[in-house]
Amino acid sequence: MSKTPWWRGAVIYQIYPRSFLDTNGDGVGDLPGIIERLDYVASLGVDAIWVSPFFRSPMADFGYDIADQRDVDPLFGTLSDFDRLLAKAHALGLKVMIDQVFSHTSVDHAWFRESRESRDNPKADWYVWADAREDGTPPNNWLSIFGGVAWRWEPRRRQYYLHNFLSSQPDLDFHNPAVQQATLDYVKFWLDRGVDGFRLDSINFCFHDAQLRDNPPKPESERVGRGFSPDNPYAFQYHYYNNTRPENLGFLERLHALLDQYPDAVTLGEISSEDSLATTAEYTAPGRLHMGYSFELLVDDYSVAYIRSTVEKLEATMRDGWPCWAVSNHDVQRAVTRWGGHPANPALARMLVALVCSLRGSVCIYQGEELGLGEADVPFEALQDPYGITFWPNFKGRDGCRTPMPWEGSAQAGFSKGKPWLPIPDEHRALSVQAQEAQPDSVLHAFRAFLAWRRTQPALLEGGIRFVDSAEPVLMFERSLGDEVLLLAFNLSGDAVQRALPEGVWQPLVLPGPVAGHVGANGELELPGHAVFCARRG
């Protein structure tokens, strides 16, 4: 008998360690803090946790600039703390996934410190080095996501090195087999330690064009989407040559072969390319990544037409792979604000959880989403994110979604006994875990109720998806598995609407959590603002 892998249909709870719980009073969350709150996480009904980077790092990009992939930064604790976290999570029935950043390291990494010293040392060709053009300018026109050119001059070698992100995040040269093997070796280190999987940061950035060809310009009309605003010069190019190169597929197959040696271990790739949906389908073909997700539902467009076209496009191309969906994470404005404005609307928060958890695939839920937290307004003087500082005031960066978890309503929200690394807004204290636990009709209780119900619905966990024609603002689709067909309808607006039910006999189901829609006396579907309706065919 075939067994469905644990990750198919799983709900994965993302923990951003800096902002989860601080146990030593330094204002920054840590691994012991995660351990202390794992019972809470398990109570949500999720299947796994994804822990954002906790590795040794100078923290220029808050852990995504790694100086040692095999050690825990003292800011977060020790390897022993991680082992305790792993043991407790497993005892609670939670799988543990950790971030891996393959494409680049910190400038403080021992590999880079050696590589930059000369052109003939053992690590000389471990990073992407290139000579200047005759006039001393960088070798091509590639740009950094964080603004400006993607090349930095290194006087010791009299060459430029590539950095697709911060200049303190030099890109590794994956054309070098030794780099690939070193990467697989530290993945094996964590697998041997007992982790259940990896969220792979910017996985399509591992390889670059070996010929260093210029990226072609992008017309102004196309400088939208993918999370890059038109005031960021990164949006001015088609990024055909600095990422998403065909050689990456062979490396993904090597990675998959390694994970095959560890039953149930899984990879989840973060993908941002010129056609992220097509790349996701390509990268999740058999023998490559187990799951992939892109930024397509992490953008400002919030409409029936956009959500439907996004999912249908992926479904049309992803024949054998498995998607993973998210509407919030540590890199984008929180969804209830992005799609609903201020103040955060609890009815919208409930509906969004039900929506993302009803699509075909697995789901990533970002910490605080279960509380309906909105985006925090962080003043310029409190900003930490270099991305936001660079592009202020047009873009405020990622700090607004990274503020600490509100565990209670006190001054520090139960997060820390010291000054939190980012300020905690008053509206978040009012939505604390402690407050919502005491309110039977809270977003938190609705979240738990919906996830518990979802576990009882095989069609939602494993079934196919087919959209039903419906005008804005009602998104409607069917999920089916065998003879079981569920109809789901979501009112994306705050206004009450009516819609005709699709042809057939439908038995309404009691769906806990979001505001409920119902069939009226005239036989039409009635949906209050941000309501959800579910029915079974037959």
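Here are five short exercises with worked solutions on a predicted model.

**Exercise 1. A strand and its two faces**

Task: Find out whether the two faces of strand S11 (residues 291-294) are covered or open, and which strand and helix join S11 in a β-α-β unit.

Solution:
- Step 1. Start with one side of S11, where you will find Met291 and Tyr293, both buried.
- Step 2. Turn to the other side: Gly292 and Ser294 are buried there as well, and both faces of S11 are covered.
- Step 3. Now look for a partner. Strand S10 (residues 266-271) runs parallel to S11, and 4 bridges join the two. Within this pairing, Leu268 has Met291 as its bridge partner.
- Step 4. Add helix H7 (residues 276-283), and you have a right-handed β-α-β unit made of S10, H7 and S11.

**Exercise 2. Two helices that cross**

Task: Describe how helix H3 (residues 79-91) and helix H5 (residues 177-193) are arranged, and say what class of angle they make.

Solution:
- Step 1. Remember what to look for: two packed helices are described by the angle between their axes and the distance between the axes.
- Step 2. The axes of H3 and H5 come within 11 Å, and they cross at roughly 55 degrees.
- Step 3. Angles under 35 degrees would count as roughly parallel, and 65 to 115 as roughly perpendicular. H3 and H5 are therefore oblique to each other.
- Step 4. Next, find the residues that meet. H3 brings Leu79, Phe82, Asp83 and Leu86, while H5 brings Phe189, Trp190 and Arg193.
- Step 5. Sort them by class: the contact has 5 nonpolar residues, 2 charged ones and no polar ones.

**Exercise 3. A glycine in a loop**

Task: Locate Gly27, decide whether Gly27 is buried or exposed, and list what Gly27 touches beyond four places in sequence.

Solution:
- Step 1. Gly27 sits in the loop that lies between strand S1 (11-15) and helix H1 (31-36).
- Step 2. The relative accessible area of Gly27 is 0%. The cut-off for buried is under 20%, so Gly27 is buried.
- Step 3. Setting aside residues up to four places away in sequence, Gly27 touches Asp22, Phe415, Ser416, Lys419, Pro420 and Trp421.

**Exercise 4. A strand with a partner on each pairing**

Task: How many residues of strand S5 (residues 95-100) are buried, and which way do S2 and S9 run relative to S5?

Solution:
- Step 1. Count the buried residues: 5 of the 6 in S5 are buried, which leaves the strand mostly covered.
- Step 2. Strand S2 (residues 48-51) is joined to S5 by 4 bridges, and the two run parallel. Here Ile49 stands opposite Val96.
- Step 3. Strand S9 (residues 197-200) is also joined to S5 by 4 bridges, again in parallel. In this pairing, Gln100 has Leu200 as its bridge partner.

**Exercise 5. The edges of an open sheet**

Task: Work out the strand order of the open sheet that contains S17, S20 and S21, and explain which strands stand at the edges.

Solution:
- Step 1. The order is S17-S21-S20, with 3 strands and antiparallel pairing.
- Step 2. Strand S17 (497-499) and strand S20 (518-519) each have a single partner strand, so one side of each is left without a neighbour in the sheet, and these two stand at the edges.
- Step 3. Check one pairing: 2 bridges join S20 to strand S21 (residues 525-527), and Val519 stands opposite Leu525.

Definitions and conventions:
Residues are numbered from 1 along each chain as its sequence is written. This is a predicted model: local features need pLDDT of at least 70, side-chain atom pairs count only at pLDDT 80 or more; totals for chains, interfaces and linings use all residues. Side-chain values use heavy atoms; hydrogens and water are left out. Buried means under 20% relative accessible area, exposed over 50%, partly exposed in between (1.4 Å probe, protein chains only). Two strands pair if DSSP finds at least two bridges between them. A crossover is right-handed if, with the strands pointing away from the viewer, the path from the first strand over the helix to the second runs clockwise. Axes are lines fitted to C-alpha atoms, for helices over the stretch in contact, and angles run from 0 to 180 degrees between N-to-C directions. Angles under 35 degrees count as roughly parallel, over 145 as roughly antiparallel, 65 to 115 as roughly perpendicular and the rest as oblique. Contact means heavy atoms within 4.5 Å. Ala, Val, Leu, Ile, Met, Phe, Trp, Tyr, Cys and Pro count as nonpolar, Asp, Glu, Lys and Arg as charged, and the others, Gly among them, as polar.
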